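Here are a few worked exercises for you to try with the structure open in a viewer. Have a go at each task before you read its solution.

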Amino acid sequence: MALTRQQKQELISQYADLLSSGKDVVLIEQKWLPVDSVVAFKKELAATAAKSRIAKKRLLLQTAEKNGKDVVDLGTLNGSLLVMELETEDFAPLKAIVKMNKLFKKQGKQCSYSFLGGWYGSEWKDATYVSELANIPSKEELVGKFLYLLKYPMQATAGVLDQIAKKQENA
């Protein structure tokens, strides 16, 4: 169903608010998503500080260009377009997408989310950049790895000393 001029103007004003807020905006392609997967994804996003919505590509790109964002070729944006506004510097929403893709793969589903890129400030970054951000370990993961690195030498030394003590007991 075609949109009326008034509906398009409302979308353009929503996109302008989204793009002028100064927050990072990531574009994601959705493929073959069943309703239960969309509901699960929205629950994941509710726990993070992100907002998402489906967008009309041409209107979004025209609005982005008018707001001083880097120009993106329409041909690079395939499929249904999900726009995610990142509220903070935290990458939890991006990690939620990676988590959902792993779940889809584990279940053998063909549905998926794919990063297309995003505007960080007014500069366009490609899908590779966004994927790298999504795979950065969280603070808790880094602390856990660091503590393991501190604990491992002591644990290994205790194991060796225990083996020496057992050999001396047997001798």
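**Exercise 1.** Check whether the length of helix H1 (residues 5–20) agrees or disagrees with 1.5 Å a residue.

Solution. This is a predicted model, so let's start with a simple geometry check.
- Step 1: H1 has 16 residues, and at 1.5 Å a residue these should span 22 Å.
- Step 2: The C-alpha atoms at the two ends of H1 are 22 Å apart, which agrees.

**Exercise 2.** Work out which residues of H1 are buried, and how they are arranged around the helix axis.

Solution.
- Step 1: Pick out the residues under 20% relative accessible area. In H1, Leu11, Tyr15, Leu18 and Leu19 are buried.
- Step 2: Look down the axis of H1. The buried residues fall within an arc of 90°, so they line one face of the helix.
- Step 3: Recall some helix geometry: an α-helix has 3.6 residues a turn, so residues three or four places apart point the same way.
- Step 4: Now flip to the face turned away from the buried side of H1, where you'll find the exposed residues Arg5, Gln6, Asp17 and Ser20.
- Step 5: Ask what covers the buried residues of H1. The cover includes strands E1 (24–31), E2 (50–55), E3 (80–86) and E4 (112–120), along with helix H3 (57–66).
- Step 6: Past the helix, H1 is followed by Gly22, with a positive phi near 85°.

**Exercise 3.** Find which elements give two or more residues to the largest nonpolar core, and which gives the most.

Solution.
- Step 1: The largest nonpolar core has 20 residues; among those with the most contacts inside it are Phe41, Met84, Tyr113 and Phe115.
- Step 2: The elements giving two or more residues to this core are E1, helix H2 (35–46), E3, helix H4 (92–107), E4 and helix H5 (127–134).
- Step 3: H4 gives the most, with five residues.
- Step 4: Zoom in on Tyr113. Beyond its neighbours within four places in sequence, Tyr113 is in contact with residues including Ile28, Phe41, Leu82, Ile97 and Phe104.
- Step 5: There is also a second, separate core of 17 residues, which includes Leu19, Ala55, Ala64 and Trp119.

**Exercise 4.** Decide whether Leu19 and Glu85 are buried or exposed, and list what they touch.

Solution.
- Step 1: Leu19 lies in helix H1 and, at 2% relative accessibility, counts as buried.
- Step 2: Leaving aside neighbours within four places in sequence, Leu19 is in contact with Val25, Leu60, Thr63, Ala64, Asn67, Lys69 and Trp119.
- Step 3: Glu85 sits in strand E3 and is buried, with a relative accessible area of 6%.
- Step 4: Not counting residues up to four places away in sequence, Glu85 touches Leu18, Ser21, Lys23, Asp24, Ala49, Ala50 and Lys51.

Conventions. Residues are numbered from 1 along each chain as its sequence is written. This is a predicted model: local features need pLDDT of at least 70, side-chain atom pairs count only at pLDDT 80 or more; totals for chains, interfaces and linings use all residues. Side-chain values use heavy atoms; hydrogens and water are left out. Helices (H or I, at least four residues) and strands (E, at least two) are DSSP runs, numbered from the N terminus. The expected span of a helix is 1.5 Å times one less than its number of residues. Buried means under 20% relative accessible area, exposed over 50%, partly exposed in between (1.4 Å probe, protein chains only). The arc is that of the directions from the helix axis to the C-beta atoms. Contact means heavy atoms within 4.5 Å. A nonpolar core is a set of buried Ala, Val, Leu, Ile, Met, Phe, Trp, Tyr and Cys residues joined through side-chain atoms within 4.5 Å.
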